[in-house]
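User: Could you take me through one part of this structure at close range? I would like to understand how a sheet in it is put together.

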Amino acid sequence: MFSDLSAQKEGSSLLCRPASEDQGLAVFERTSLAYSPSSERYGVGERSFSRQYAHIYAARLMQMRPLLSERAKEKWGSDVLIRKLCDLETGEQCCIVGTLFKRMELQPSILKEISEEHNLLPQPARAKYISETDELILEDELQRIKLEGKIDKNKCVTGSVIAIYGAERNDGKFTVEDFCTADLPLQTARPSLSSDRFVLLASGLGLGSSRADSMLGLQLLVDMVTGQLGDLGEQSGAATISRVLLAGNLLSQSTQDKDASTKAKYLTKKTQAGSVEAIRLLDELLLQLVASVPVDVMPGQYDPTNYTLPQQPLHRCMFPLSSVYPTLQLTSNPYQADIDGVRFLGTSGQNVCDIQRYSSMDSHVEILEETLRLRHLAPTAPDTLGCYPFYLKDPFILEECPHVYFSGNAPAFESKHIKGPDGQEVLLVTVPEFSSTQTACLINLRTLHCEPVSFSAFSADEDEESEMNISH
Amino acid sequence: MDELYLDNIDEFVNDHDKIVTYKWLSLTLGIHVNTAKQMLFHYLDHKRKESSAQLHATYLVSGKFVDNGQTSHKVSVVREEQLEDVKAKMSLIVSVHVYSVQKALLKDSGPLYSVDYDAVKDSLKNCSKYSAIRCATAVPMSSLELQQAREMHRAPSPEPENKKPAMNGNGILASKPSAKPAKGIMGMFANKSTPKNQDSGREMKSEQKEDAPVVDAPKSRPAAKANPMMNFFGSQPAKKPEKNVKEEEAAQSSSTAAEKQRRSPQPEQKRGDAVAEPQKNTKNDSRSKNKRIEDSDSEEDKMEKKKRRRIKLPEPDSSDEDVIPDSPPQMETREASPSPKKEVEAVTHSYQGNFDGKIRKRRRVLKSRTFVDEEGCIVTEKGYESESYSETEDDFQPTKQALRDPFKASSSKDDEKKSQKKSSASANKGTKQASIMGFFQKK
């Protein structure tokens, strides 16, 4: 544990007079690790939006079909019949592979909204769009078929590619007896490390918001990581934090002022966009960090980059002060990198939030596990999650199993260890939103254990704070 | 010395009524953060022992905290009164130290943040100087390395690479457009002019390196190419540099580049550039200055490309060296903005002057023809006429000098040159264009 590591040091307390030089003036060297980014697959070069989104599904199915056939054979015997939908015969037990589609009544549909026949008012945003009347449909390259039976439609989301075992009934629906997912891909072995090294994950910094409560917490975080805060023991512990990963939503939602486009020009002439000041704050914050530790910055939902996944890295021209440091890495969302042999893969949370909206799952870590088992980062893209129209291949399909799989901007910190069918071990981490929870995560690369670090200050309502239950 | 800090802190807390945080103290006094923390503790201790001063302190407590089975590392800033409470709640204390000392009782920790924010903001460059952790890789890259890194990123598009060096110095951008039209018109003369340009480019480069240490290697490389243009700007009554100054991003970089232009005394460069100028200037004359700035962007790109091509033909010419000393003072005078007409004339004359006298060539020259029209009015028309000439450098120097007379910033050196020019002007009067010196000579 980080605390244990830091407290081990027999350093003298700083509650004393400044004694002779050496003791208090200890300077620790930041441990540097081998780092190799591998987020190139999420970079989109020349973009052309003239293509239809159907191509992604075709590419996805094409890529996943062989994997699913393998899994199906493993699960139901090697002699199981794997049929295409067009070759189905009524009553025959077989396995079909295809993409799930969940037809939801409450799913916002722009066509319904603007249709004059229905005369509908725009639907208010809901927390969940699932209802009892949802239907599951399996689609393959040519046809689609309705599904019924032992499949929990509330847990399924559109876009997941699965294999289903069952039979077709007379009325044209397919009765599901069992199903399987592609499950985890193969994993390269993690090298065993000799000493404790940590990676700090934080997300949802929320700069530029009207409420500045979290700013002291943020400053404490920066001070701790850069080694200014704390005793000698803590500073030497902080020196083992070899990397900081900011997983999205560095700017607060309030900087996304949509009124500017609708307001009259004369009212907005002299006003600056909220994100300008916020980016400047972020640059100064990053400067303090990059002067001391390598930082990877991922964009999030409210950051000034493109909206569709994969989000491209924030441009370095926004960070004039900090981009001169080689320790600043502006990366894409999703993010993949090898830190000292440990493969990290994660997103800023948009994919998880989207699945949460269209399924009954609520726990972010449960959703993370689900996406890992489906072997797809964002199955709901492009249906309900914005995505670039890929056509050659789907970059969100996991080809190699990560060691640490995270998602940012979760309501609370959660972590879980899961095991795969081929001996894979993955640490799932949901990084909490800093602006509301004042918590970040520290991952120990040696043990693959995650620990939350929380920062707090005092305020006028002191008594209420101490009784507040942080976990929810 | 050791006790001085006590007085310092005392002054800050009591006299200035400041909230002294350890970070603020460390940045203000330039000491290690741990020393600052210890100093604050000592001060607090000292003050409380000697007098019951109304001092309040906040402490930083960090340690292991178990909450509902979840262990976490908790770092918190607490008031003195709450220190023991918080310590008791933690299962393992990692560190405790003084966070800040202030006179008033703080209800809210907001001011602590603002104090630190201001302190850090004032010394952004060395915010990690006094911290306890050093990172070997966190060294800011020099602009050379930065540009290399960015060029690697931009490998697929060579065009922006060209533009990038251009953006570094205003003169460079200006020189690009000058190269292109120069190349077109001066095609015949390219052989002779390009060597000089390159030669002067090299000279200019070395001078620039001396003169402007701020400029880094990549800048000087394109600067070499830009030399002809920059030189040309020197000869030009500063309008071009002015335009470029407005265009380019940093005032400072542009001013250093402008200085470069001034200092570079390459008359032969002006030759090449002058060719491009006539077209550009006549075009620009008809528009407002602001528009000129925008237009010159595209033109300059072309010109610089042409300029670069010319420079590639190497052929140093010693005869041109003689004329070099004259130009520096000329460059200075150019800073004053002249009327467009004079600029045009200056261009044409300098354009002529840039060419080596030994070559007899035909070229298009902007000439003014004065004549009386039907109604009996004297009309002066400017038009291009092809003319062959074979004057030497010196002949054109006087003309250039004469043109500069009406300019506001004229130096004494100009006067000397004027006399120089007078003598040479009279010598080669026959093949010269009508110049303003003509007024003086007719007498």
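Analyst: Happy to; here is a walk along the sheet in chain A, with a short look at chain B afterwards. This is a predicted model, in which local features need pLDDT of at least 70, side-chain atom pairs count only at pLDDT 80 or more, and totals for chains, interfaces and linings use all residues. Residues are numbered from 1 along each chain as its sequence is written, chains are lettered from A in the order in which they are written, and side-chain values use heavy atoms, leaving out hydrogens and water.

In chain A, 6 strands make an open sheet with mixed pairing, ordered β2-β13-β14-β15-β17-β16. Strands here are DSSP runs of E with at least two residues, and helices are runs of H or I with at least four, numbered from the N terminus; two strands pair if DSSP finds at least two bridges between them. Strands of a sheet pair through backbone hydrogen bonds, either parallel or antiparallel. At the edges lie β2 (35–37) and β16 (414–419) of chain A, each pairing on one side only. From one strand to the next, the twist averages 20°; angles run from 0 to 180 degrees between N-to-C directions, with axes fitted to C-alpha atoms, for helices over the stretch in contact.

Now zoom in on β15 (residues 404–410) and β17 (residues 425–432) of chain A: these strands run parallel and are joined by 5 bridges. A:Val404 has A:Leu427 as its bridge partner in β17(A). Helix α11 (residues 364–374) of chain A packs on the sheet, touching β15, β16 and β17 of chain A, and its direction makes about 140° with that of β17(A). Contact means heavy atoms within 4.5 Å.

As for chain B, its secondary structure comes to 19 helices and 7 strands.
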